[in-house]
Amino acid sequence: MLYDQHVDRVYRLAFRLAGEDELARDFTQETFIRAFQRLKDFRSESSFGTWIHTIATSVSLNGLRKVKKFRTRESSLDDALTVGAVSRRAEPDLKERLKQAIDNLPEGYRTVFVMHDVEGYTHEEIAAALGVQPGTSKAQLFRARAKLREALADFAGEWVS
Amino acid sequence: MSDEDRMDALLRQLAADEYNRPPEIIPREQMWEAVRQGIGNGESGIQGTGNREQGTVLPFHRRVPRWVYYAVAAALLLALGIQVGRLLGPSPAQQLAPRTTQPDSLGPTRVAPESVSIGNPRRDVAAVDGRSDDGAKGPPKQKGGGPERQLTPDAGNDISARAYSVAAAQHLTEAEAMLTAFKGDLSRGRMDAEISAWGKDLLSNTRLLLDSPAARDPARRKLLQDLELVLVQIVQLSPNSSARDRDLIKGALTDDQVLTRLRTAIPVKGT
């Protein structure tokens, strides 16, 4: 069954992008609903897996933009109240810093980094899902890694030794 | 291996192990249930797929910076839809007054007694009491030279139904956006006052729609009723509400699959 074949990978990608179970479920469900409703539009030029990942990335990224826009509005209010406390916080550990660094990547870089380096998609799969050239995917991954290295430069000494 | 390569490999490994790591057990069955329900609703509530771009969700919120504008736009559209429906639907005078046969001498441009004109929808009422637009007795006369476009009552009702459908779709789109934002709040255990105000607007529009012909479709009516129930709970939720109150709303959202059904019921772009 198509659902059983693809649901795990779609959910994993949605979770990696969203970071929350509820959002990941919503995105996965919406992906399959849209896919089944438009199954007649599916042409066998690409595999079903590629097609459903195209839908999944689009649904997830659009959904995240919606949520992010709302949360940004809220957090700007919170920041105004807690601006003094932030500087006194202890330095977060590497995991937390890595998460922040990945979260802060531009959307395109982050998506490619998560798909390639975290979830193991090939550049061809990423390109098909995002509607770009494989070369674009490679370039974005290169820049994403460079930005992460830059953001975590103060840890570099510990790692490479 | 250079330092950069080594650092990239370590970052990759750490990210794969730690970054937004999905749970080991994936809730396939629960999601399948929601998908099945969503598809079922889609069959009865959604018409066509149009020329919508593959894989994109509705661009409802994409270009407008604040949701407030959407709330106002939706309310205006809803009011417009209802007004159009009233204008195009059968008027009380039409229903009560006996129909009269117009003399043949009226010529080809006369308004047929059983037709409704788009350009001047109330002219049929004037025809009933034998008064023209300028108040003079006699057969009604057309303004302008060419033959006027005429519609049968069925066509008028069709337009009216479409107007209600458009208003309903706009409303459901906004409700979906609001509930998504609310779910985000809920998962973080907080409640924004703006959400409550937004919910109030949506609640009143939901009630209007339930009382309109838009609710004749049984699937849509059920969805609007469930939505109304959830909105009432959200509106009544205070910032100091207990976790139990929040859980109840969460349960209502999850058990009835309101959000999923909303997403399914929203017509795709271009239809």
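Author: Contact here means heavy atoms within 4.5 Å. Keep in mind that this is a predicted model.

Reader: OK, so which residues in α7(A) meet α1(B)?

Author: By that cut-off, A:R145, A:L148 and A:R149 meet B:E4, B:M7, B:D8, B:L11 and B:R12. Sorted by class, the residues of this contact come out as three nonpolar, no polar and five charged.

Reader: What makes α7(A) and α1(B) roughly perpendicular?

Author: The axes of α7 (residues 134-151) of chain A and α1 (residues 3-18) of chain B cross at roughly 90° and come within 10 Å. Roughly perpendicular covers 65 to 115 degrees, so α7(A) and α1(B) earn that label.

Reader: And why is α5(A) called roughly perpendicular to α1(B)?

Author: The reasoning follows that pattern. Helix α5 (residues 107-118) of chain A has an axis that comes within 9 Å of that of α1(B), crossing at roughly 90°. That falls in the 65 to 115 range, and therefore α5(A) and α1(B) are roughly perpendicular. Here A:F113, A:D117 and A:V118 meet B:R12, B:A15 and B:A16, a contact with four nonpolar, no polar and two charged residues.

Reader: What makes A:F113 stand out in the largest nonpolar core?

Author: A:F113 and A:I102 touch the most other members of that 52-residue core. Helix α1 (residues 2-18) of chain A gives the most to this core, nine residues. Setting aside neighbours within four places in sequence, the contacts of A:F113 include A:I102, A:L141, A:L148 and B:A15.

Reader: Which residues does the second, separate core include?

Author: Among its 38 residues are B:A168, B:W198, B:L209 and B:L231.

Key:
Residues are numbered from 1 along each chain as its sequence is written. Chains are lettered from A and ligands numbered from 1 in the order in which they are written. This is a predicted model: local features need pLDDT of at least 70, side-chain atom pairs count only at pLDDT 80 or more; totals for chains, interfaces and linings use all residues. Side-chain values use heavy atoms; hydrogens and water are left out. A nonpolar core is a set of buried Ala, Val, Leu, Ile, Met, Phe, Trp, Tyr and Cys residues joined through side-chain atoms within 4.5 Å. Buried means under 20% relative accessible area, exposed over 50%, partly exposed in between (1.4 Å probe, protein chains only). Helices (H or I, at least four residues) and strands (E, at least two) are DSSP runs, numbered from the N terminus. Axes are lines fitted to C-alpha atoms, for helices over the stretch in contact, and angles run from 0 to 180 degrees between N-to-C directions. Angles under 35 degrees count as roughly parallel, over 145 as roughly antiparallel, 65 to 115 as roughly perpendicular and the rest as oblique. Ala, Val, Leu, Ile, Met, Phe, Trp, Tyr, Cys and Pro count as nonpolar, Asp, Glu, Lys and Arg as charged, and the others, Gly among them, as polar.
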